[in-house]
Amino acid sequence: ANKGQLYSTKENIKYQLELRYWKECLCGKRPPLRRILEHDDPASRPMVLCVEEISEEEVGRDSKIQGIVVTDGWYSLTAKLDNPLSSFVRDGKIFVGCKLKVVGATLY
């Protein structure tokens with residue numbers, strides 16, 4: 001059996017959802033993206049996020065903006081990259097599954 005089959009069992013999914021409910025609702029420990037999206041934490045706070053998806057958007061004839069979807073494990077959001085980070089994507093230094101230490105981000 002592959003890893004997906006081992007971890008995606010009915011019992012394991014139920015356990016993960018119960019654990020999430022217990023942590024978020026009963027203990028009040030929310031993942032970083034949820035705290036940021038609910039404006040309880042600043043977006044500039046330090047956090048570790050995982051790259052879930054990479055996309056490219058054309059803005060003009062020659063310019064393209066790299067966008068990525070990042071996740072904290074439960075919640076995801078789309079992030080726009082500046083030129084230096086876009087070059088890291090083009091060079092293969094940022095890829096799907098890669099973890100990023102993020103500090104000083106802003107919400108738009």
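Helices (H or I, at least four residues) and strands (E, at least two) are taken here as DSSP runs, numbered from the N terminus. By that reading, the chain holds four helices and four strands, and from the N terminus on its elements follow the order α-α-α-β-β-β-α-β. The model is a predicted one, in which local features need pLDDT of at least 70 and side-chain atom pairs count only at pLDDT 80 or more, while totals for chains, interfaces and linings use all residues. Residues are numbered from 1 along each chain as its sequence is written, and side-chain values use heavy atoms, with hydrogens and water left out.

A look at the chain as a whole is a good place to start. The accessible surface (Shrake-Rupley method with a 1.4 Å probe; for residues, only the protein chains shown count as cover) comes to about 8,200 Å², and 55% of this belongs to carbon and sulfur atoms. Of the 108 residues in the chain, 23% are buried; here buried means under 20% relative accessible area, exposed means over 50%, and partly exposed lies in between (1.4 Å probe, protein chains only). Contacts (heavy atoms within 4.5 Å) also tell something about the fold: among those between residues at least 6 apart in sequence, 46% join residues at least 24 apart.

Turning to the interior, the largest nonpolar core (a set of buried Ala, Val, Leu, Ile, Met, Phe, Trp, Tyr and Cys residues joined through side-chain atoms within 4.5 Å) has 15 residues. Those with the most contacts inside this core are M47, L49, V51, I68, I94, L100 and V102. Two or more residues come from each of α3, β1, β2 (64-71) and β4 (99-102), and β1 gives the most, with three residues. L49 is a helpful guide to these surroundings: with residues up to four places away in sequence not counted, L49 touches L33, V70, T71, D72, C98, K99, L100 and V102.

One of these partners, V70, is found in strand β2. V70 counts as buried, at 4% relative accessibility. Although V70 and L49 are 21 residues apart in sequence, their C-alpha atoms are 5.9 Å apart in space. Leaving aside neighbours within four places in sequence, the contacts of V70 are L33, L49, C50, E52, Y75, S76 and L77.

Charged side chains come next. Side chains of opposite charge can pair when their charged atoms come close. Six salt bridges (a side-chain nitrogen of Lys or Arg within 4 Å of a carboxyl oxygen of Asp or Glu) are found in a search of the whole structure. R30, R34, E38 and D40 are linked in a network of such bridges. Within this network, R30 pairs with E38, with the closest N and O atoms 2.4 Å apart, and R30 also pairs with D40, where the closest N and O atoms are 2.7 Å apart. Because R30 lies in the loop between α2 (10-26) and α3 (32-37) and D40 in the loop between α3 and β1 (47-58), the R30 and D40 pair ties together parts that are ten residues apart in sequence. R34 and E38 meet in a further salt bridge, at 2.9 Å from N to O. Several members of the network are partly exposed: relative accessible area is 24% for R34, 35% for E38 and 44% for D40.

The loop between α3 and β1 also contains H39. Phi of H39 is near 60 degrees, a positive value in a residue other than glycine. H39 is exposed, with a relative accessible area of 65%.

Helix α4 (residues 83-90) contains F88, which counts as partly exposed at 36% relative accessibility. Not counting residues up to four places away in sequence, F88 touches K93 and I94. F88 and Q66 are 22 residues apart along the chain, and their C-alpha atoms are separated by 10.0 Å.

Finally, there is open space to describe. A pocket is an open set of points on a 1 Å grid over the protein atoms alone where a 1.4 Å probe fits, with protein on both sides within 12 Å along at least five of seven lines; lining residues have an atom within 4 Å of a point. Grid points are joined across faces, edges and corners, and a volume is the space filled by probe spheres set on the points. The largest pocket has a volume of about 670 Å³. Its lining has 24 residues, of which A79, K80, V102, A105 and T106 lie nearest the centre of the pocket. At least two lining residues are supplied by each of α3, β1, β2, β3 (76-80) and β4, and β3 gives the most, with four residues.
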